[in-house]
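Visitor: Please give me a close look at one part of this model, the cavity and its lining. Then place that part in the chain around it.

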Amino acid sequence: MLKLKPLSLLFLLASAAPTAHAFNLLDAWQAALNYSADFSAVKHQRDAESEKKNQARADLLPQVSANATYQRQPYSLSSTTRSHGWNVQASQVLFDRTRFAQYKQGKIAAEMADSRLDGSEDELRMNVAKAYFDVLLNKDKLTAITDEKAAYARQLERAQEMFKQGAATILDTHEAKSGYDAALAKEIDTMTQLQVAENTLLNLTGLDPKQISPLKNDKELADLLEKSQEQEWQSLAKQHNPEWQLQRKTLEDATQALKAAKGTRLPTVTVNGGYQDNHNTYRSEDFYGNSFEQTQRSKGATMSVEMSVPLFSGGKISSQIREAASREAQNKELLTATERKVQLAVRQAYQTTRSSRIQTLAQQRLLESNRAKLESTRIGRQVGVRNNLEETQAQQEKADAEQKAAEAKYTYIQAYLQLLQSSGVLNDEERIKRVGVILF
């Protein structure tokens, strides 16, 4: 009798081990947000970009500086031998169209950084979900393949025994051996894919993939869409999709850049004020060679209003305005392209979710039919109306149906998560809690 390979036994023992500290998809998401170095880098980038609004605002606020000087020179070089003093200078922009536009650009840059962070978070969640369900899928497939291989091993043993007794042909033995070898090859391939998925999940979350929680064992998976229409998801995407929001902000930034470029043609008005206190000591000699020192002090406040008007810059300003206008037009077209891209993604995700649920239900019914067929074939073989070959085929059909049912189920769930991502609500707390309640 053929026995299960040690590798299969180890896997079955690992599957039967207690799942202390088990985690589900929601736990994996939270762990990934805390564990991922790439996501942490994006958060730091967001923090850095957020400072641009403060830097741009600083140019509109008063600028104050203080200076102190002390100078001493030999008498032979200058009549002023010592000088010291201090002054305080302050300036305030009254009108500068360019700086005001740049301040708005700084605020937009901070909002764009938030949109990028949201997009990175959604992408990380989807990567974790894919790895999570790849682990579960390959575990389910491996279970089905292991059962299939064990069934082929029993059939092979039975066929060999019957061949020795002359009750069966060598064809039955070859068919069972062929099925067993095919199942063994599939088992090795699936175990490799399982290991890859587990490594990916570990790399994304830092969690032990062996402690992953399976889905609820419901024969009929819940309707995740709950009679919602595509237009509802399109409306959500228009408001929340990070890519769409980012492109809107990019267009706003380009519009402000155009205003800033045009503002360089306009006058700038600045008010300046200050206070100074300087002491100068002079040394001189009279006709008889006698030295005299004289000290003078100057102090007081000053106030001025300065207006600067650009007259000619060699065509540079006009060129910068044309460049900014072209970039604004470019981003208008990119916004249209992004809108169409997101709408298509939402439409496809919605339709895939609907069709995947139908396919899941169909595969579950097919699985039940194949299970019943296999049971009937076994009974028929026992009473002599079915042979080993027919039982082998029925066993293979059942194993294929189990694998396709698992694939359809996980495809359905991931399609719904893709719909949430495309609509920009993958991080919506209420929706995520609902997914967790339905699945786990």
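Guide: The cavity comes first, then the helices beside it, then the rest of the chain. This is a predicted model, so local features need pLDDT of at least 70 and side-chain atom pairs count only at pLDDT 80 or more, while totals for chains, interfaces and linings use all residues. Residues are numbered from 1 along each chain as its sequence is written, and side-chain values use heavy atoms, with hydrogens and water left out.

A search of the whole structure finds one cavity of 30 Å³ or more. On a 1 Å grid over the protein atoms alone, a cavity is a set of points where a 1.4 Å probe fits but cannot get out. Grid points are joined across faces, edges and corners, and the volume is the space filled by probe spheres set on the points. The largest cavity has a volume of about 40 Å³.

Which residues line the largest cavity? They are V42, Q45, R46, E49, A113 and R116. A lining residue has an atom within 4 Å of a point. Two elements give two or more residues each to this lining: α3 (37–58) and α4 (97–165). Helices here are DSSP runs of H or I with at least four residues, strands are runs of E with at least two, and both are numbered from the N terminus. The largest share, four residues, comes from α3.

By class, the lining has two nonpolar, one polar and three charged residues. Ala, Val, Leu, Ile, Met, Phe, Trp, Tyr, Cys and Pro count as nonpolar; Asp, Glu, Lys and Arg count as charged; the others, Gly among them, count as polar.

Stay on α4. S115 sits in this helix. Is S115 buried or exposed? S115 is buried, with 10% relative accessibility. Buried means under 20% relative accessible area, exposed means over 50%, and partly exposed lies in between (1.4 Å probe, protein chains only). Setting aside neighbours within four places in sequence, S115 is in contact with P242, Q245 and L246. Contact means heavy atoms within 4.5 Å.

G119 is also a residue of α4. At 26% relative accessibility, G119 is partly exposed. G119 and N24 are 95 residues apart along the chain, and their C-alpha atoms are separated by 22 Å.

Now go to α7, residues 242–263, where A261 lies. A261 counts as buried, at 9% relative accessibility. Not counting residues up to four places away in sequence, A261 touches I317, Q320, I321 and A324. Its distance to T192 is another matter: the two are 69 residues apart along the chain, with 58 Å between their C-alpha atoms.

Next, a strand. S91 belongs to β2, residues 80–95. S91 is partly exposed, at 23% relative accessibility. Leaving aside neighbours within four places, S91 is in contact with L61, P62, Q63, T270, V271 and N272. S91 and G274 are 183 residues apart in sequence but 8.6 Å apart in space, C-alpha to C-alpha.

One loop deserves a stop. E226 is in the loop between α5 (170–205) and α6 (230–240). K227 is found in the loop between α5 and α6 too. E226 has a positive phi of about 50° although it is not a glycine. K227, another residue other than glycine, has a positive phi near 65°. E226 is exposed, with a relative accessible area of 53%. K227 is exposed as well, at 76% relative accessibility.

Finally, step back to the chain. It has 10 helices and four strands. Along the sequence they follow the pattern α-α-α-β-β-α-α-α-α-β-β-α-α-α. The radius of gyration is 39 Å, well over the 22 Å that the globule rule gives for 440 residues, so the chain is more spread out than a compact globule. That radius is taken over C-alpha atoms, and the rule is 2.2 Å times the number of residues to the power 0.38. The C-alpha atoms fill a box of roughly 145 × 50 × 40 Å along the principal axes.

Buried residues make up 38% of the 440 residues. Of the contacts with a separation of 6 or more, 83% join residues 24 or more positions apart. The chain exposes about 25,300 Å², and carbon and sulfur atoms supply 51% of it. Accessible areas come from the Shrake-Rupley method with a 1.4 Å probe; for residues, only the protein chains shown count as cover.

Methods:
1 Å grid on protein atoms, 1.4 Å probe; cavity = no way out; pocket = protein on both sides within 12 Å on 5 of 7 lines; lining within 4 Å.
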